[in-house]
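User: I want to go through this model label by label and hear how each one is earned. Please set the values against the cut-offs and tell me what follows.

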Amino acid sequence: MAGVLRADEGDILYDGEPVFENEQIKRKIFFLPDEPFYGANTTGNQLAALYKAYYPFSYDLFRKWIRLFAVDENAPLRNFSKGMKRRMFLALALAARPKYLLLDEAFDGLDPGARLLFKQALTELNKETACTAVIASHSLRELSDICTHYALIEKKKAICGGPRENPEKIHKFQIAFNTEANSKDFSFEYIKCECIGRVATLIIQGETDLILQKLNKLSPLFIEEIPIDFEEFFLIRTQTGEEL
């Protein structure tokens, strides 16, 4: 996607133009791999000068984010921990103000405070520049907070994807009854059912109105829908092994 390698097949287009060997398009893209390359004595300031020659780089933004991320722009990166390196390169990426930001395991090595700052920074960058960020990550709880669309990749293929609001129309309900809840009471198809006392937790796929019609026929005391986050959706998808 960054145009570093030629695609084996298919086309990768940004604004309708191919990315491979296209310098003008690459100026709009910032790719931050899991292990960025840098020389033995490279400092953050030296990298900032390098990126300034290629991107619409903002030193003001760079200084803002290195201050908030608490990293020293004059220190050699070889002396940094993995988390400190990640914070430095995130500051550089944000200051480059790309139109497309490609991030590999963006949250890896970040403490909770830095993760929160980075999510705020992505939101701010999107509002100011309409930047599109594409994040490949296993930190699903972090992605739940900020992403608008998703794709689940398995064996080199995107097996499902779409808008963030409700992946694959999967719903989670808690239902309370007058008597002991039993999974056998749910005669329709569902993905998962757990019963504790008089309360059942049901994960089911389909249209909300149709599901509620089925549940109301069981005369429950109450029905409450609970949001499903990415981590739970991922576990459901991998445990069932079915196309949702």
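**Exposure and charged pairs**

User: Is E23 buried, exposed or partly exposed, and what makes it so?

Analyst: E23 has a relative accessible area of 43%. Buried means under 20%, exposed means over 50%, and partly exposed is what lies in between (1.4 Å probe, protein chains only). So E23 is partly exposed. One caveat before we go on: this is a predicted model, where local features need pLDDT of at least 70 and side-chain atom pairs count only at 80 or more, while totals for chains, interfaces and linings use all residues. Residues are numbered from 1 along each chain as its sequence is written, and side-chain values use heavy atoms, with hydrogens and water left out.

User: What makes E23 and R27 a salt bridge?

Analyst: The rule asks for a side-chain nitrogen of Lys or Arg within 4 Å of a carboxyl oxygen of Asp or Glu. Here the closest N and O atoms are 2.9 Å apart, so the pair qualifies. R27 is partly exposed too, at 28% relative accessibility. The whole structure holds 8 salt bridges.

User: How do you know that R86 and D34 belong on that list, and which parts do they tie together?

Analyst: Their closest N and O atoms are 3.1 Å apart, so they fall within the cut-off as well. R86 sits in helix α4 and D34 in the loop between β3 and α2, so the bridge ties together parts 52 residues apart in sequence. As for those element names, helices (H or I, at least four residues) and strands (E, at least two) are DSSP runs, numbered from the N terminus.

User: Are R86 and D34 buried or partly exposed?

Analyst: One of each. R86 comes out at 5%, so it counts as buried, while D34, at 25%, is partly exposed.

User: What does K99 pair with, and where do the partners lie?

Analyst: K99 bridges to D15, with 3.1 Å between the closest N and O atoms. K99 is in the loop between α4 (82–96) and β4, and D15 is in the loop between β1 (13–14) and β2 (17–18), so this pair joins parts 84 residues apart in sequence. K99 is partly exposed at 36%, and D15 is partly exposed at 41%. Together with K28, these two residues form a network of salt bridges.

**A strand in the sheet**

User: Why is β8 called largely enclosed?

Analyst: Of the 7 residues of β8 (residues 170–176), 6 are buried, so the strand is largely enclosed by the rest of the structure.

User: How do you know which strands β8 pairs with?

Analyst: Two strands pair if DSSP finds at least two bridges between them. With β10 (residues 199–205) there are 7 bridges, in the antiparallel sense, and I170 has Q205 as its bridge partner there. With β11 (residues 222–226) there are 5, again antiparallel, and I175 stands opposite I223. So both pairings meet the rule.

**Cavity and pockets**

User: What makes one space a cavity and another a pocket?

Analyst: On a 1 Å grid over the protein atoms alone, a cavity is where a 1.4 Å probe fits but cannot get out; a pocket is an open set with protein on both sides within 12 Å along at least five of seven lines, and lining residues have an atom within 4 Å of a point. The search finds 1 cavity of 30 Å³ or more, holding about 50 Å³. Its lining is L61, W65, L94, A121, E124, L125 and E128, and α5 gives the largest share, 4 residues.

User: What is the class make-up of that lining?

Analyst: The cavity lining has 5 nonpolar, no polar and 2 charged residues.

User: And what lines the largest pocket?

Analyst: The largest pocket holds about 1700 Å³. Among its 46 lining residues, M1, L103, V134, I135 and A136 are the closest to its centre. By class, the lining has 32 nonpolar, 9 polar and 5 charged residues.

User: Which residues and elements shape the second largest pocket?

Analyst: This one has a volume of about 420 Å³. Of its 20 lining residues, F30, F31, P33, Y51 and Y55 are the closest to the centre. Both β3 (29–32) and α2 (44–52) give two or more residues, with β3 giving the most, 4.

Terms used: Grid points are joined across faces, edges and corners, and a volume is the space filled by probe spheres set on the points. Ala, Val, Leu, Ile, Met, Phe, Trp, Tyr, Cys and Pro count as nonpolar, Asp, Glu, Lys and Arg as charged, and the others, Gly among them, as polar.
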